[in-house]
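Visitor: Please give me a close look at the strand pairing here. I work at the bench, so tell me the cut-offs behind your terms as you go.

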Amino acid sequence: MTDDLFSIVTNPILNPKQKTLALAAQAEASLLYVSRSQELTQAMEQGIICDMYEGHAPFKPRYVLPDYQRFLTQGSRYLELTPAEDFDDALMKLMVLYHHVPSVTNMPVFLGYLDQLLLPYCDDVTDEHLYRSLKRFWIQLDRTLPDAFMHANIGPEDNRICRMVLNIDAELQQVAPNLTLMYDPQRTPNSLLRQATDNIIHCSKPHIANWPLHQAFFAEQNRQPSFGIVSCYNALPVGGGANTLVRLNLKAVAEQAQNIDTFLNHTLPYYCHLMYELIEQRCRFLHEQSHFFTGFLVEEGLIEEARFAPMFGVYGMAEAVNHLLSGKAEYGRDPAANQVALTISQTLSDIVTTTPVTYGLANRALLHSQGGLSIDTQTTPGIRIRYGQEPDPVSHLLALAPQHAYYPSGVSEILTLDETIKANPQALTDLCLGAFAHGMREFTANTQGTDLVRITGYMVKKSDLEAYYQQGSRTNTTALGTEACTETKVTQRAPRVVSHEFIAGE
């Protein structure tokens, strides 16, 4: 361990803050692990179950989604802040609170619905003032919280803040913050959706979320909004979050089974049982021993312990299906393979929705299509189609859309589009609308040729990746993006030409 610590403090491409975070992670890893059975320990050592490197004794939730609206309205006794008085005061006070919101990255992963938070303070603010202050705020976020897992939400209503955020995000082309526009066909005008898809062509942001689907699952207690999109792409309750995220390697589980029936009826349930053991032990330590839920965020009503839920993550669906079918069909391209994947998702959903947990949302975990880690090899993130095997965009979306019903806490796919999409931007809007009409929860795309590119859900700059090993990066997530490009096939996504792939009469 001493050698590891010394290598951190002498690393020439880490800045002092990054070295401090790395040293803290090593300290967490030196603690005794929470109680676990021999069977669970073995499954983790074999790479079948993963704790996402949250620490051996978790003292903070993985993701925290404070009620920022309540904070602006009431102020904070702990932070010695009065209620927000005007637009610039609201921006300043949000920045203060962001620095006190923990997460697995030690930075906030949720910035709130910025348009809904700020609109009450905009009545006497000119467009010029709005632009100037929001642009400075956007730059300040990127420079002081340099982590691409930091995530802001806007929409679904059209408004000045929403439009201005999209304008500024396209202008600055920063990796942080990540951004999602909520889309509701009843409230979001086509012109706003088109602005968002034009932004995607320009800078690969924002994500676009299917508001009615998410809201239908999370709506409760008359809380508006009831959910938020955080980190790379995770849907969680506002006023709560995720106490932990553990994940199951479906490829590795499939390799333990002789056939599909054995996989579904024996092997998969066995490892799900071990997943729940890990969830219970990690959550028990956080909720009962860490004292996190006695802090000011709870005392001042910004979060509620009952609104936290463990995320039951899965990945490697593509490899699991291909293995179970002995390579006779390719997931994402063959209807038989897609049906096997759907059956696996249904089985997982049945397990997760019927298995109680001590600390969950209505005593349940939330099924999640996990976006992968930078060290993953020979596996594809979540339920995505293997890199380089993607069909045309329409077939791609239709193959995955039925899966989305089973993953309420986050499921995403990334279309990579050829630069010719710039000549037909309406096609991207139509793809998004078509995806939502077929039940997709989220729409994301990269455009070839832009400096900004998505890895698993977070953004990096290609120019930063190229320079990282020589000079490092002020953005923490650049290291993850560099590792992902080296260890995985994320850069081998097949770019598609939309306009050439609508087959007549189909």
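Guide: Happy to. Two strands count as paired if DSSP finds at least two bridges between them. Strands (E, at least two residues) and helices (H or I, at least four) are DSSP runs, numbered from the N terminus. This is a predicted model, in which local features need pLDDT of at least 70 and side-chain atom pairs count only at pLDDT 80 or more, while totals for chains, interfaces and linings use all residues. Residues are numbered from 1 along each chain as its sequence is written, and side-chain values use heavy atoms, with hydrogens and water left out.

For orientation, the protein has 19 helices and 17 strands. Of its 506 residues, 60% are buried, where buried means under 20% relative accessible area, exposed over 50% and partly exposed in between (1.4 Å probe, protein chains only).

Let's start with the open sheet ordered E3-E4-E5-E14, whose 4 strands show mixed pairing. E3 and strand E14 (442-443) stand at the edges with a single partner strand each, so one side of each has no neighbour in the sheet. Strand E5 (residues 207-210) runs antiparallel to E14, joined by 2 bridges, and here Ile208 is opposite Phe443 in E14. At the other edge, E3 and strand E4 (residues 178-183) run parallel and are joined by 4 bridges, with His151 standing opposite Asn178 in E4. From E3 the chain passes through helix H8 (residues 160-172) to reach E4, a right-handed β-α-β crossover; with the strands pointing away from the viewer, right-handed means that the path from the first strand over the helix to the second runs clockwise.

In a regular strand, side chains alternate between the two faces of the sheet. Strand E3 (residues 151-154) is covered on both faces: His151 and Asn153 are buried on one side, Ala152 and Ile154 on the other.

Now for a second open sheet, also mixed, with 4 strands in the order E1-E9-E10-E12. Its edge strands are E1 (49-50) and E12 (366-369), each pairing on one side only. Strand E10 (residues 311-315) runs parallel to E12, with 4 bridges between them, and Phe312 is opposite Leu367 in E12.

Helices lie across this sheet. Helix H12 (residues 260-288) crosses E1, strand E9 (245-249) and E10, at about 160° to E9. Helix H15 (residues 335-354) lies across E10 and E12, at about 150° to E12. These angles run from 0 to 180 degrees between N-to-C directions, and the axes are lines fitted to C-alpha atoms, for helices over the stretch in contact.

What side chains link H12 to E10? Tyr276 and Phe312 form a tilted aromatic pair, 5.5 Å centre to centre with 45° between the planes. Rings of Phe, Tyr and Trp (its six-membered ring) pair if their centres lie within 6.5 Å; planes under 30 degrees apart are stacked, over 60 edge-to-face and the rest tilted. Tyr276 belongs to helix H12 and Phe312 to strand E10, so the pair ties together parts 36 residues apart in sequence. Tyr276 counts as buried at 7% relative accessibility, and Phe312 counts as buried at 0%.

Helix H14 (residues 317-324) belongs in this picture too. There, 7 of the 8 residues are buried, so the helix is largely enclosed by the rest of the structure. The buried ones are Met317, Ala318, Glu319, Ala320, Val321, Asn322 and Leu324, and their cover includes H11, H12, E10 and H15. After H14 comes Ser326, with a positive phi near 55°.

One residue of that cover deserves a look: Lys251, in helix H11 (residues 250-254). Leaving out residues up to four places away in sequence, Lys251 touches Tyr315, Gly316, Glu319, Ala320, Gln378 and Thr379, contact meaning heavy atoms within 4.5 Å. Gln378 is 127 residues from Lys251 in sequence, yet their C-alpha atoms are 9.1 Å apart. A polar atom of the Lys251 side chain lies 3.2 Å from the backbone oxygen of Gln378.

Such reach along the chain shows in the totals as well: of the contacts between residues at least 6 apart in sequence, 78% join residues at least 24 apart.

How values were computed
A polar contact is a pair of N or O atoms within 3.5 Å; within protein, one must be able to donate a hydrogen and the other to accept it, and residues adjacent in sequence count only if both atoms are side-chain atoms.
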